[in-house]
Amino acid sequence: MIFRAVEDTDLIRKARSGGDVEAYNLLISRWEKRVYNYLLRIVGDREEALDLSQDVFLKAYQSLRKLDDPARFAPWLFRIAHNEAFSSFRKRRPERESPGQPELAGDELAARGPAAFPIELSIAVTTALSRLPEDQREAVILKIYQGFKFEEMAEILACPVSTVKSRLYTALDVLKSQLAPVKSRGAT
């Protein structure tokens, strides 16, 4: 990972100084899956996540000269993604209740019988995540799915580390209680 970070830094410098489009395209190819998956978990719609991903990389390219520290590219990029996702939420707020996820609670899944496939657990987790408030869901996604450190998460979310930790731990407590019926059924 250290070697890759050095490479990303070099690619950023090339893209910034000489406008090297190939260097930026390589950066996109390295980061597009992570950004897309992050956005997909936030907005809950594949097409919207794809559109937002394209917007993120376009804005990142246009703003690349504003990036003070190329070693901080990941949090900077995810901050742009965060802003794009929540800008999208604001635009469609009246027509939306929450991201489109199946309405099936962990206890409803537990009532169906023994877990036959890991996909059932995945559905339960996705459903439980969709029921979290947006700020808590995003904290879980950044930490658990994207692997960011608390300091990086604070940078992405533009809030103190203590707030990030509070959101994450509250969300994990809620998820634990919502997923307990599914977990206990899987143990039988």
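Here are some worked exercises on the protein shown above.

Before you start, know that this is a predicted model, where local features need pLDDT of at least 70, side-chain atom pairs count only at pLDDT 80 or more, and totals for chains, interfaces and linings use all residues. Residues are numbered from 1 along each chain as its sequence is written, and side-chain values use heavy atoms, with hydrogens and water left out.

**Exercise 1. Work out how many helices and strands the protein has.**

Step 1: Get the rule straight: helices (H or I, at least four residues) and strands (E, at least two) are DSSP runs, numbered from the N terminus.

Step 2: Count them up, and you get 9 helices and 0 strands.

Step 3: Written along the sequence, that reads α-α-α-α-α-α-α-α-α.

**Exercise 2. Find out whether Thr-9 is buried or exposed, and what it touches.**

Step 1: Locate Thr-9, which sits in helix H1 (residues 2-18).

Step 2: Recall the cut-offs: buried is under 20% relative accessible area, exposed is over 50%, and partly exposed is in between (1.4 Å probe, protein chains only).

Step 3: The relative accessible area of Thr-9 is 12%, so Thr-9 is buried.

Step 4: Now look for contacts, meaning heavy atoms within 4.5 Å. Ignoring neighbours within four places in sequence, Thr-9 touches Pro-70 and Ala-71.

Step 5: For the bigger picture, 43% of the protein's 188 residues are buried.

**Exercise 3. Explain why helix H8 counts as largely enclosed.**

Step 1: H8 covers residues 150-157, and 6 of its 8 residues are buried, so the rest of the structure largely encloses this helix.

Step 2: Name the buried ones: Phe-150, Glu-152, Met-153, Ala-154, Ile-156 and Leu-157.

Step 3: Check what follows H8, and you'll meet Ala-158, with a positive phi near 55°.

**Exercise 4. Describe how H4 and H8 pack.**

Step 1: Axes are lines fitted to C-alpha atoms, for helices over the stretch in contact, and angles run from 0 to 180 degrees between N-to-C directions. For H4 and H8 the axes are 8 Å apart, at an angle of about 40°.

Step 2: Angles under 35 degrees count as roughly parallel, over 145 as roughly antiparallel, 65 to 115 as roughly perpendicular and the rest as oblique. H4 and H8 are therefore oblique to each other.

Step 3: List who meets whom: Pro-75, Trp-76, Phe-78, Arg-79 and His-82 of H4 face Glu-152, Glu-155, Ile-156 and Leu-157 of H8.

Step 4: Sort these contact residues into 5 nonpolar, 1 polar and 3 charged. Here Ala, Val, Leu, Ile, Met, Phe, Trp, Tyr, Cys and Pro count as nonpolar, Asp, Glu, Lys and Arg as charged, and the others, Gly among them, as polar.

**Exercise 5. Describe how H7 meets H4 and H2.**

Step 1: Start with H4 (residues 73-92) and H7 (residues 134-145), whose axes come within 13 Å and cross at roughly 150°. H4 and H7 are therefore roughly antiparallel.

Step 2: Pick out the contact: Phe-78, His-82, Phe-86 and Phe-89 from H4, with Glu-134, Glu-138 and Leu-142 from H7. That contact splits into 4 nonpolar, 1 polar and 2 charged residues.

Step 3: Move on to H2 (residues 21-43), whose axis comes within 10 Å of the H7 axis, crossing at roughly 150°. That makes H2 roughly antiparallel to H7.

Step 4: In this pair, Tyr-38, Arg-41 and Ile-42 of H2 meet Arg-137, Glu-138, Ile-141, Leu-142 and Tyr-145 of H7. The split is 5 nonpolar, no polar and 3 charged.
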